[in-house]
Structures are given as structure tokens and as C-alpha cells.
Amino acid sequence: MTGESASQYRDGQKQVTGIRRILINTGWLLGGKGFGGILSLFYLAILTRTLGVAGFGQFALITGTAQAIALIVTFQTWQVVIRFGAAHVQENGTRDAFGRLVGLCTLLDIAGALAGCVLAWFTVGWLAPFFGWDAELSESALIFAIIMLLCIKSTPTGILRVENRFDLATYAEAIIPITRLIGTLIVWFTNPTLFNFLIVWAISEILNAVGYWGLALWQSRDILLPKYLGGARPCIRENEGIGEFILVSNLGSTLAGISQNTALLVVGYFVGPAGAGLFRLASQLSVAMTKISTLLSRAIFAEVNLIRAHEGTEAMRKLFRKANRMLFITGGTVIVIVLLLGKPALFLMSGPDFLPAYPLLILLAAAASIDLAGAIYEPTLLSGSGARTALILQAVIAVIFVALLFLGLHFHGALGAAAAMAVTAVIRLIFFGSAARRNLSNS
């Protein structure tokens, strides 16, 4: 896309703001993620029925290990691009500053990926005996983790969102489920082994990263020039507080993701691959059924930064009130849907062997629905002066979750771990809701 056509698109976007733009952007994301969610039911059905409970558990532990490592070392540069790029993106005179911001975020992505590869080498070797991985499985886990870490896509994700090109992000997101479904079918009809399914997942990550960078380059070619990679120092001067925000947002997202990623590994460590398989299936099915939670949160984060940067605090308060009501209603609706459709979906998708995952599904879906109800809170803090508050809250919540997780595992196994996630979601809703309201009232 040329600089002129990109500017025309952004000018058109200025006419649509607030709740309406959140819904439009969520609609675009839901188009891709909803489509992907439907496809995921098919390839998960093939995976679970082919590998069985224990085999699927091993598959989940390998992919979960890679995701946990990525969570620890990856900078949330998409948040940085949105948080500081919102002030640059709609002003043609500051596109160079935006380019330097993107260059800095790209370097952070590369540094995180390289550090993650080193961490993966040590982590896989340490976890292998506890998860029952032989030399072949350990090698497969390490290779998959390295591929996933090198598939950098956080910065281009931020570019498309801050430019309000959620439509292009939808196309990029659709690459993963399409690739996985086609690849899973090919493996299923030829040689259905755990290793071959991992190859399909790795290829989907590679193509997804290529798609994101390609679409970001098409949309914003002017800011993706090699010269901007050397602009770290002026970027720091141009974006006051960026260093603290990078540190705080990265630590905060790591702490927030503990319940989503490390819970699986802890379940696998204490309960074994079969328990991890049931937990993972319940988690993925609950994610598919509550996908709108993540999508709304992403659209909201982009919108609150644009509103705060260009329309001020009063418009931000109005958006907060409207979004809060909408999210509570949506969260309640989602949990009702899961209660009605969860068990039939579980049985049809994976068969009777996986029905013990149904109680886990209810608890994990409840946790996701509660998170959906509070999806406006953390973006509100991060868009203003509350990033440090968000980090402190995430640290406190992470400590509470770890304590609840080990208590739950001790008394009720995988079910107790799912209950810990649900209780933690309630605590997160209360803590972040109070902090977000205080932040707005003091603005």
C-alpha cells in the first residue's frame, strides 16, 4: 500500500471511534478467529482420536513448553507499538518517529527469540525426565520450541492494529487453522504420528509469521525500512517512558500468562501426560468457545490508546462505562453457551475417553468468561499512567494463583488446577476493576 492510500484509509478510520470501532475491529478478528475456532474443532478431533489421551497429553506438553518459554522471553512489542505508536500513526509528520519505534521493537523481538532458544535448550533437558520424554521426543520438543521462538510476529501484529487494519490481521490469523487442518488431514491419511503432527504445527507458525510481516509490509512499507533499525536512541528520546513501559508490560504479561501456560506443565509434572491431555483439551475447547474474550481485549487495547491520545480523558471515561456494561453481558452469555453445548461438543469431537474433561471445561470456560467481563480494565491502566500498578497487581495475582494451583492439585488433581484458574479470574476481576476505576477518576 502506498503512503497516500494508507493515509486515506487512516482518515476514514478517524470517523469511526469508541464502542463502534471496538465492535468493528472485534468483528474482523472474530471473522478470522471464529473461522479458525471452527476449523480447530476438526483438527483437534483428529488429534485426540488418533493419539489418545496419553499421546495427546505428550503433544500438549511439547507445544505447551514452547509456549511457556516464549511467554517468558518474548517482549510484548505489539503493546509497545500501540501504546506509543498511537501518537505517531495519524500524524504524517511523525511517521519517521513511528518507523524508529517499529525498528526498536523489531530488535527487541529478535533479542527475545535468541534468548529463548538458549533457554529452550536447558528447559527441555530438565523437563524430559519428568514428562517421560525419550531422546527422540526431547529432540522434537527442542526443535519445535526453537522454530516457534524464531517465528517473530509481535511487532507486525502491533503495526496492523495501531493502523486499524484488523481486516489484514484477520487474514494473517487464518493461516494457522487452515494450515493445521490441511496438514492434519494429510498426516492422518498417510502417517499419523506425534512427530508428523508437530511438523504441521511448526509449518503453521512459520507461514503465520511470514503472513504477518508480508501484510505489515504491504500496509506500512514506509516504516519498515532497514534504516530504522539503528534508531533506538532517538526512539527512546521521542517516546518518554518507553523503557519503563517495555519492562513493566513484559513482566506483567509474563505474570498474567502463568495461569494460561504453566498450569498445563504443572499438571503434566504432577498428574502425568494423561491428566495433561484432558486439561489441554478442556482448555483449548474453552478457548474456542470464549474466543471473543481475547479478541475484544485486543481491539479494546488499540482503541483506548487512540481515544486517550487524541480525544482525552473524558472520552476515555465514556468508553470505559459503555464497554464495561457490554463485556459483563457478553461474559454471562458465553458461560451459558458453554454450559449448554460443552458436553455434546466434547463427546462429538473426541469421544468418550475424553468426557472426564467436561468438569475442567466448565471451570476453565468460567475463568475465561470472567476475564472477558473485565477485558477493559488492564488496557485502561496500560494506556495511561497505570502500567506500574498493573504489574504490581499481576505479581500479587500470580502468587495467589500459584498457591491455589498447588492446593488444588494436592486435593483434586487436574480438576483442582482448573478450579484455581476460575478463582484467580474472580480475584483478577476485582483487583483490576478497582484499580482501573481509580486510575480514571484520578486522570
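Helix 10 buries I242, F245, I246, V248, S249, N250, G252, S253 and T254. The structure described here is a predicted model. Helix 10 covers residues 242-256, a run of 15 residues. From its first C-alpha to its last, helix 10 reaches 20 Å, close to the 21 Å expected at 1.5 Å a residue. One of the buried residues of helix 10, F245, also takes part in a contact with a charged side chain: the charged end of R83 sits over the F245 ring, 5.9 Å from the ring centre.

**Charges over rings and ring pairs**

A second contact of this kind involves R161, whose charged end sits over the ring of W78 at 4.8 Å from its centre.

Between aromatic rings, the whole structure contains 12 pairs. In one of them, W121 and F122 meet edge-to-face, with 5.0 Å from centre to centre and 90° between the planes. Both partners are exposed, W121 as well as F122. Another pair joins Y269 and F270, whose ring centres are 5.0 Å apart; because their planes stand at 65°, the pair is edge-to-face. The cut-off behind that assignment is an angle over 60 degrees. Ring pairs also link Y43, F56, F59, W201 and F354 into a cluster.

**A nonpolar surface patch**

Y269 and F270 appear again at the surface, where W126, F130, Y269, F270, V271, V402 and F406 form a nonpolar patch. Together these residues have about 680 Å² of accessible area. Helix 4 (95-131), helix 11 (258-270) and helix 17 (387-441) are the elements that each give two or more residues to the patch. Y269 belongs to helix 11. With a relative accessible area of 35%, Y269 is partly exposed, and F270 is likewise partly exposed, at 49%. Both values fall between the limits of 20% for buried and 50% for exposed, which is why the two residues are placed in the intermediate class.

Helix 12 (residues 273-289) contains G275. At 11% relative accessibility, G275 counts as buried. The C-alpha atoms of G275 and L264 are 9.1 Å apart in space, and the two residues are 11 residues apart in sequence.

**Salt bridges**

Side chains of opposite charge can pair when their charged atoms come close. The whole structure holds eight salt bridges; the table gives three of them, with the separation of nitrogen and oxygen.

| Salt bridge | N to O distance |
|---|---|
| E163 and R95 | 3.1 Å |
| D222 and R95 | 3.0 Å |
| R180 and E205 | 3.2 Å |

The bridge between E163 and R95 links distant parts of the chain, 68 residues apart. E163 is in the loop between helix 6 (154-162) and helix 7 (166-190), whereas R95 is in helix 4. E163 is buried, with a relative accessible area of 1%, and R95 counts as buried at 8% relative accessibility.

R95 also meets the side chain of D222 in a salt bridge. D222 lies in the loop between helix 8 (194-219) and helix 9 (232-238) and R95 in helix 4, so this pair ties together parts that are 127 residues apart in sequence. At 32% relative accessibility, D222 counts as partly exposed, in contrast to R95, which is buried.

The third tabulated bridge joins R180 to E205. R180 lies in helix 7 and E205 in helix 8, so the pair ties together parts that are 25 residues apart in sequence. R180 is buried, and E205 is buried too. Through shared partners, salt bridges join R95, E163 and D222 into one network.

**Backbone at the loop between helix 6 and helix 7**

The loop that carries E163 also contains N164. The phi angle of N164 is near 60°, a positive value in a residue other than glycine. N164 is buried, with a relative accessible area of 3%. This loop between helix 6 and helix 7 therefore holds two residues, E163 and N164, that both fall under the 20% limit for burial, at 1% and 3%.

Key
Residues are numbered from 1 along each chain as its sequence is written. This is a predicted model: local features need pLDDT of at least 70, side-chain atom pairs count only at pLDDT 80 or more; totals for chains, interfaces and linings use all residues. Side-chain values use heavy atoms; hydrogens and water are left out. Patches are made of residues with over 30% relative accessible area and no salt bridge: like charges are joined within 9 Å, nonpolar side chains (Val, Leu, Ile, Met, Phe, Trp, Tyr) within 5 Å. Accessible areas come from the Shrake-Rupley method with a 1.4 Å probe; for residues, only the protein chains shown count as cover. A salt bridge is a side-chain nitrogen of Lys or Arg within 4 Å of a carboxyl oxygen of Asp or Glu. Helices (H or I, at least four residues) and strands (E, at least two) are DSSP runs, numbered from the N terminus. The expected span of a helix is 1.5 Å times one less than its number of residues. Buried means under 20% relative accessible area, exposed over 50%, partly exposed in between (1.4 Å probe, protein chains only). Rings of Phe, Tyr and Trp (its six-membered ring) pair if their centres lie within 6.5 Å; planes under 30 degrees apart count as stacked, over 60 as edge-to-face and the rest as tilted. A charge sits over a ring if NZ of Lys or CZ of Arg is within 6 Å of the ring centre and within 35 degrees of the ring normal.
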